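Hi there,

Here is the structure I promised to hand over. Have a look at it, and then read on for what turned up in it.

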2 protein chains.
Amino acid sequence: MVSTMVSNNISVDCVIFGFDFERLNVLLVDRTLLDADGRVIFTDRTLTGNHVFVDETLDAAAHRIPADLTGLDNIYLEQFRTFGSPDRIRRPNDQLWLRSCGRDPERRVVTVGYVALLARRDIRLIWKGRNVKWYPVDEVGDLAFDHNQILAEALKYIRNKLINEPSVGFELLPPKFTLTQLQTVYEVILGVRLDKRNFRKKTARMSYLIPLDEKQTGVAHKPAQLYSFDKELYETSRKDFNSFFI
Amino acid sequence: MVSTMVSNNISVDCVIFGFDFERLNVLLVDRTLLDADGRVIFTDRTLTGNHVFVDETLDAAAHRIPADLTGLDNIYLEQFRTFGSPDRIRRPNDQLWLRSCGRDPERRVVTVGYVALLARRDIRLIWKGRNVKWYPVDEVGDLAFDHNQILAEALKYIRNKLINEPSVGFELLPPKFTLTQLQTVYEVILGVRLDKRNFRKKTARMSYLIPLDEKQTGVAHKPAQLYSFDKELYETSRKDFNSFFI
DNA sequence: GCAAAAGTGTTCGGAGTACACCCATGT
DNA sequence: ACATGGGTGTACTCCGAACACTTTTGC
């Protein structure tokens, strides 16, 4: 019984990033408000979110989002910031929407923001009949509530994370990948161009990057060496670490 | 009227760090539970925390904590993580405490964690008659609820922050400080020993460190040059920044 | 054979690290 | 005079930045 009760003024929102070797994308849910005659009052998009059961940790509530969407259970997921301004539900469209859902449009909902990273291999997206799609992060338009702000913070967070915790890059890649694909992760997320030779000098120093006895196939150019990421080696090789300050 | 209503299942906790040129300290509040005869059932300490008014931002609620304590208004304050496990209120002492306050011991309270940094110059601590004291961060003992965990996360956060955002170091120092004092901030917070000459080579590159026409007085050794921190210069000089990854 | 991306080395400057002695002041 | 912390320079190594051509495959 208790386990189906939710905390009404707390939610989790999940900024789910995916990478298609060209752009960084985010999963958004269509939101359309219809009037009594079925005419569209407005339509926009929201981040993927969830309520929180009263006897559930925040992490568990957030985890259900990518799990429900993909059926996968070992998704990279991390809390990055909490949003609780009373104004976050005050815009006219959001007020109409809350009223139409039977929710109190005056009551502030605090939402805990999570980032999830998804390698976009062969994933099927299924989410309770609602329309969920990938959007390039720079083409999301106006989102519901304060979701543009949440997305912006998530981007900052993940950029920073990628710089000083390189393991997150591999969350966006398939288990076997080329060095060019890895370089593209950095270029796309950080929004920079990197020099191929300098990049490879760095990767050569990453002992946790394992070259496989395998090459790309079916490409109309010299096939690239494939690599895999050794998470255990990564963790041990970064034990003693001392990059100080500027 | 509305402005005095609080959100009952949301709070903010503030890990207030202070630096006394020797150790990193944290502000804790005594908590003592008495039985009907006035005998002590238990005594321990908590972080400084606050309720959140329903029409108040989380930042504002957190800001009231150091402001009430010190009367100062321009304190460094930053949200670092939210804690919402249902278990965080489940320990026996905490259950007794909640009951004695007339609060529901079953109801999970989500708390948003903030870090504040206080230069410990001439600050008077006043907080509504409760006993608030500085404790060295490695001598806090068992704290209430999950406050040991919150403190540990706050420490991680501030260490990381100090490394890649040197401006936070100056929040712990008076407006005029010596290079040795600055070095001590790094040594104490990061828990390392640094070489004086190498440290000074780094500070020499910090254009936002302004040498003053002033020296230490009243010390029984060669008086040190005093410096101040130019926040504006800091921000402009760090616009284009490219410390990548490993 | 040609289009496409893979793969490879050198030079330079700047920053990290290790390390030891003299200086200015108060007592 | 002495105790105390302030202040300084060199040698070495490693890393980041800039930069252009050959190789291997599919078509």
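Before the chain contact, one definition: two residues are in contact if their C-beta atoms, placed from the backbone, lie within 7 Å. Please also keep in mind that this is a predicted model.

**How the two chains meet**

By that criterion, chain A and chain B each bring 24 residues to the contact between them. On the chain B side, the elements that supply two or more residues are the strands β1 (6-19), β4 (76-83) and β5 (110-119), along with helix α3 (147-164). Sorted by class, that side of chain B has 12 nonpolar, nine polar and three charged residues.

How do the two copies relate to each other? A turn of 180° with a shift of 0.0 Å along the axis lays chain B on chain A, with an RMSD of 0.0 Å. That is the relation of a two-fold axis. The copies meet through the same surface, because 100% of the interface residues of chain B are also interface residues in chain A.

**Chain A as a whole**

Chain A has 246 residues, and 30% of them count as buried. Its secondary structure comes to seven helices and eight strands. The C-alpha trace of chain A spans about 60 × 40 × 40 Å along its principal axes. Among the contacts in chain A with a separation of 6 or more, 68% are between residues 24 or more positions apart.

**Two helices that cross**

In chain A, helix α3 (residues 147-164) and helix α5 (residues 179-190) are worth a look. Their axes come within 10 Å and cross at roughly 140°, and the crossing of α3(A) and α5(A) is left-handed. Which residues meet there? From α3(A) there are A:Ile158, A:Arg159 and A:Leu162, and from α5(A) there are A:Tyr186, A:Ile189 and A:Leu190. By class, this contact has five nonpolar residues, one charged residue and no polar ones.

**A helix in chain B**

Next, helix α1 (residues 58-70) of chain B. Its buried residues are B:Leu58, B:Ala61, B:Ala62, B:His63, B:Ile65, B:Pro66 and B:Leu69. What covers the buried residues of α1(B)? The cover includes β1, β3 (40-53), β4, β5 and β6 (132-136) of chain B, and also β4 (76-83) of chain A. Just after α1(B) comes B:Gly71, which takes a positive phi of about 80°.

**Around the DNA**

Finally, the two DNA strands. There are 24 residues around DNA strand C, and those that come nearest are A:Thr180, A:Arg197, A:His221, A:Gln225 and B:Lys222. The elements giving two or more residues to this surface are α5 and α6 of chain A and α6 of chain B. Of these, α6(B) gives the most to the surface near DNA strand C, with five residues. The residues of that surface divide into 11 charged, seven polar and six nonpolar.

DNA strand D is surrounded by 23 residues, and the closest are A:Lys222, B:Thr180, B:Arg197, B:His221 and B:Lys222. Here α6 (196-204) of chain A, together with α5 (179-190) and α6 (196-204) of chain B, each supply at least two residues. Which element gives the most to the surface near DNA strand D? That is α6(A), with four residues. By class, the surface near DNA strand D has 10 charged, seven polar and six nonpolar residues.

Enjoy exploring it!

Best wishes

Terms used
Residues numbered from 1 in each chain as written. Chains lettered and ligands numbered in written order. Predicted model: local features only at pLDDT ≥ 70, side-chain atom pairs only at ≥ 80, totals over all residues. Near = placed C-beta within 6 Å. Nonpolar A, V, L, I, M, F, W, Y, C, P; charged D, E, K, R; others polar. Least-squares fit on C-alpha atoms with pLDDT ≥ 70 in both. Axes fitted to C-alpha atoms, helices over the stretch in contact; angles between N-to-C directions. Left-handed = near helix turned anticlockwise from the far one by under 90°. Buried ≥ 20, exposed ≤ 12 C-beta atoms within 10 Å, placed from the backbone.
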